[in-house]
Amino acid sequence: MKATGKKILIIDDDPDFVRSTGIVLQSAGYEVLEAFSGKEGLEKSRSEKPDLYIIDLMMETYSEGANVIQSLREDEETKDRPRIMITSVDLKGPWESYPQDEWLACDFLLQKPVPPDELLKCVENALKRS
Amino acid sequence: MSLQKPRILVIDDERIIRDSCTRILSSEGYEVRSAANGVRGLELFGEFRPDLVLVDLKMPGKSGMEVLEEIERADPNVVKIVITGYATVSSAVDSMKRGAYDFIPKPYTPDEISLIVSRGVERRRLLLESEALRAEREKTRGNMISLVSHELRAPLAAAVQYLDVILAGMAGEVPPDVIDMVERCNMRLRELLDLLSRWLSLATFDPVRIAEHFENIDLTDVAGKSLDALRSLAEEKKVRLISQAPRGLPSVKGSQVLLEEIFTNLVSNAIKYNREGGWVKVALDSNDQQVLVEISDNGIGIPEEHLPRVFDEFYRVNGRRTAPVKGWGLGLSIVKRMVEAHGGTIDVESRFAKGTTFTVTFPMVIESQRET
């Protein structure tokens, strides 16, 4: 697989999700970085300067992912890097009927499980946007 | 819940009333504060946080009615009692329409005032109790959403995503017969995810919250979108889709997402429980108050004995797993709740082996409301 030269940081406390998502991304030629908490994610963000973030919404706490996004937004260096928010929360059910909360405002929101082609399409779009 | 020492605020410009109220009510064991005008009264309301407020309707400056309204806005659970002269009984009634719980006519006896106030305090206790119960229920509901939505879905999602990776050939080569088994695993797990999300939408369905976000919706547009989304299913089942709608159908107040869900659910049922060469018709119409939706088919029909229960949760006409169409028996109960959340009705008529007709009505938006 031809390398894209793009680095993607996955921040998720579910190692199974990190692994399977990583396989999909690597198969498309992306370099994959892993972080298993919001804190680790922000550290890797500083040291590795990824091109794109894939962030789980609920980790240790219900809003850990949202806090990560907030921190990335407030940092001059990272604020323009694209972010994809991923969650197991049912997006079709009650959530969809209500306007999304401000803190959920994210350009790209995917629901687990994400089919490989859908994930890659979203990653491509997100990178194009940046 | 008991109020340790109920707090009472008296707002009256007549000193004699303030003093007598304070004397009578303090001796009954209440904590009493008083204010000589509306502005001071509202200040004290914020500081003192009373359980009950006595307000004189006739005061110079800020009127009792205004004070009443501001308190009602600030906290509708604070019990408000107006004090009024005999000549203004009609305004007392008026004030009760604005949230006052009771009124005390002047002049009053100590017994009258303590009786009315003790009833008011009892009312406050009940209001706080029901408020606490509501909050408790809301919390349980919230916990359930988190639990079901996240804790139950997450492991399933993780497993499905591995299977997706294997099926996409990203984990190396897999023998064809194993692929078949992995595909079955994937399908069964997705069925479970689907069940969870249906059950969740039923369990957490809150018509009041949903109605807060209603807007004017054109059902012709909703029907069109739903039919478009189901066209490939209809082709696959060799079922013809027919739609009928008059020009200028009145709008209904509702949620686009939920209304599409209602149509999609009913039409996809009509397609699934059909036969090759059959048809499904979506007809829209209106009378002077309602928009009418008729979704009919000439499919397999529903046996008469099942009709009364088709809207029940987890009820399936073909209760066995070997039934030709898979389902959880939740679809129609969700549809019914969604229709009712729109102030509508749903009915079904069916003849076994002949076909089924669902009739749904929604209250129409009256022309003068359309601007909102």
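Reader: What makes the place of B:Asp56 a strand?

Author: A strand here is a DSSP run of E with at least two residues, a helix is a run of H or I with at least four, and both are numbered from the N terminus. B:Asp56 sits in β3 of chain B, residues 52-56, so that stretch passes the strand rule. A word on the basis: this is a predicted model, where local features need pLDDT of at least 70 and side-chain atom pairs count only at pLDDT 80 or more, while totals for chains, interfaces and linings use all residues. Residues are numbered from 1 along each chain as its sequence is written, chains are lettered from A and ligands numbered from 1 in the order in which they are written, and side-chain values use heavy atoms, leaving out hydrogens and water.

Reader: Why is B:Asp56 called buried?

Author: Its relative accessible area is 2%. Buried means under 20%, exposed over 50%, and partly exposed in between (1.4 Å probe, protein chains only). B:Asp56, at 2%, is therefore buried.

Reader: Which residues does B:Asp56 touch, beyond its neighbours within four places in sequence?

Author: Contact just means heavy atoms within 4.5 Å. By that rule B:Asp56 meets B:Ile11, B:Asp12, B:Asp13, B:Gly64, B:Ile83 and B:Lys106.

Reader: What does the side chain of B:Asp56 reach at 3.4 Å?

Author: The backbone nitrogen of B:Lys58. A polar contact needs a pair of N or O atoms within 3.5 Å; within protein, one must be able to donate a hydrogen and the other to accept it, and residues adjacent in sequence count only if both atoms are side-chain atoms. At 3.4 Å, this pair fits the distance limit.

Reader: And B:Ser333, buried or exposed?

Author: Buried, because its relative accessible area is 4%. B:Ser333 lies in helix α10 of chain B, residues 331-341. Away from its neighbours within four places, B:Ser333 is in contact with B:Leu202, B:Phe311, B:Asp312 and B:Glu313.

Reader: How many residues of chain B are buried like that, as a share?

Author: Buried residues make up 45% of the 372 in chain B. That chain has 10 helices and 12 strands.

Reader: How many salt bridges are counted between chain A and chain B?

Author: Zero. One would need a side-chain nitrogen of Lys or Arg within 4 Å of a carboxyl oxygen of Asp or Glu. Still, six residue pairs are in polar contact across that interface, both partners at pLDDT 80 or more. In total, 28 residues of chain A are in contact with 28 residues of chain B.
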